Amino acid sequence: MTGTLYVVATPIGNLEDLTPRAARVLGEVALIAAEDTRQTRKLLSHLGLSTRTVSYNRHNARQRTPAVLDALREGDVALVTDAGAPGVSDPGAGLVAEAARAGFDVVSVPGPSAVTAALAVAGFSADSFHFLGFLPRTTRARRAALTEASSLRATLVLFEAPHRLRAALDDIADTLGDRPMAVCREMTKVHEEVFRGTVREAIAYFDAPRGEFTVVIEGARDAAPGEPLSVERIAEAMAAARASGLSRRDAAVQVSRGLGVPRRVAYAAWEEA
């Protein structure tokens, strides 16, 4: 074996966030496998570099992997995406696996990350968090993914496109309840913005979303980290709401908001209360 595959994190917006090590590596490797060569050339131009690039994305990964492995037999290769770390909701994991399987060294050159940047400013605990990546495009699949994560106490982090943000927020409200959240828009860019409030407040605020979004949502309460909230705990909350004179519907709304569980789950627990 000859070369090393460097997995290089690139800026998510502000080019000043590129680490000196990453800049050096991008200038020293023989080839850069880039998600979008046009985007990477902008970064290289900013650095005054002219390293050779080749397209490597989710559409051509299978066909392009053998060529990248051949390049590794001749020298070092850097893997980059348009922004952030390769393999994190971006192409790259397959190439890393194949390079390691072929016996090449794979070295991480860490740096900017929308996930950790958003967690740092959201104001929720990041001792344990669950990354959902980009939510599915269809309502049914999106709700299924959210429902699966609804009982996790870990803070939830996800990416969303502007044209799907409002639909995603609606589904979050219906499946997770009206939880506290932070919606981070255009992180590290000129129009960076962090909205903090509840899901319903976010729906009202983002009437015409623009930019790239990283959403951070408070996890479900009263469960061990990474474990689902028990039916018994939800039923206890519903019983208390019933005892206070609330109807089944109003009790479900209150428990959904209080425990951060889907309203339908709270509604079903009425029978157990």
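Entry 1, terms. Before turning to the helices I fixed what contact means here, namely heavy atoms within 4.5 Å. I also kept in mind that I am reading a predicted model.

Entry 2, helix H3. With that settled, I looked up helix H3, which spans residues 61-72 and lies across S1, S2, S3 and S4. Its direction runs at about 140 degrees to S4.

Entry 3, the sheet. I then traced the strands themselves and found an open sheet of five, in the order S3-S2-S4-S1-S5 and with parallel pairing. At the edges I noted strand S3 (53-55) and strand S5 (105-109), each of which pairs on one side only. For the twist I looked up the angle between neighbouring strands of this sheet, which are turned by 25 degrees against each other on average, direction ignored.

Entry 4, one strand pair. I took strand S1 (residues 4-8) and strand S4 (residues 77-80) as the pair to inspect, and found that they run parallel and are joined by three bridges. Following Val7 across to S4, I arrived at Leu79 as its bridge partner. Helix H1 also packs on the sheet, where I found it touching S1, strand S2 (31-34), S4 and S5. The direction of H1 makes about 135 degrees with that of S5.

Entry 5, Val25. From H1, which covers residues 20-28, I picked out Val25. Is Val25 buried or exposed? I count Val25 as buried because its relative accessible area is 3%, and the cut-off for buried is under 20%. Leaving aside neighbours within four places in sequence, I listed its contacts as Tyr6, Val8 and Val109. I also checked Val25 against Asp76, and the two are 51 residues apart in sequence, while their C-alpha atoms are 9.3 Å apart in space.

Entry 6, cavities. How many cavities of 30 Å³ or more does a search of the whole structure find? The search gave me one, and for the largest cavity I noted about 40 Å³ of space. I wrote down its lining as Ala173, Gly177, Asp178, Arg200, Val253, Ser256, Arg257 and Arg263. Sorting this lining by class, I have four charged, two polar and two nonpolar residues. Which helix gives the largest share of the lining? I traced that share, three residues, to helix H10, which covers residues 248-259.

Key:
Residues are numbered from 1 along each chain as its sequence is written. This is a predicted model: local features need pLDDT of at least 70, side-chain atom pairs count only at pLDDT 80 or more; totals for chains, interfaces and linings use all residues. Side-chain values use heavy atoms; hydrogens and water are left out. Helices (H or I, at least four residues) and strands (E, at least two) are DSSP runs, numbered from the N terminus. Buried means under 20% relative accessible area, exposed over 50%, partly exposed in between (1.4 Å probe, protein chains only). Two strands pair if DSSP finds at least two bridges between them. Axes are lines fitted to C-alpha atoms, for helices over the stretch in contact, and angles run from 0 to 180 degrees between N-to-C directions. On a 1 Å grid over the protein atoms alone, a cavity is a set of points where a 1.4 Å probe fits but cannot get out, and a pocket is an open set with protein on both sides within 12 Å along at least five of seven lines; lining residues have an atom within 4 Å of a point. Grid points are joined across faces, edges and corners, and a volume is the space filled by probe spheres set on the points. Ala, Val, Leu, Ile, Met, Phe, Trp, Tyr, Cys and Pro count as nonpolar, Asp, Glu, Lys and Arg as charged, and the others, Gly among them, as polar.
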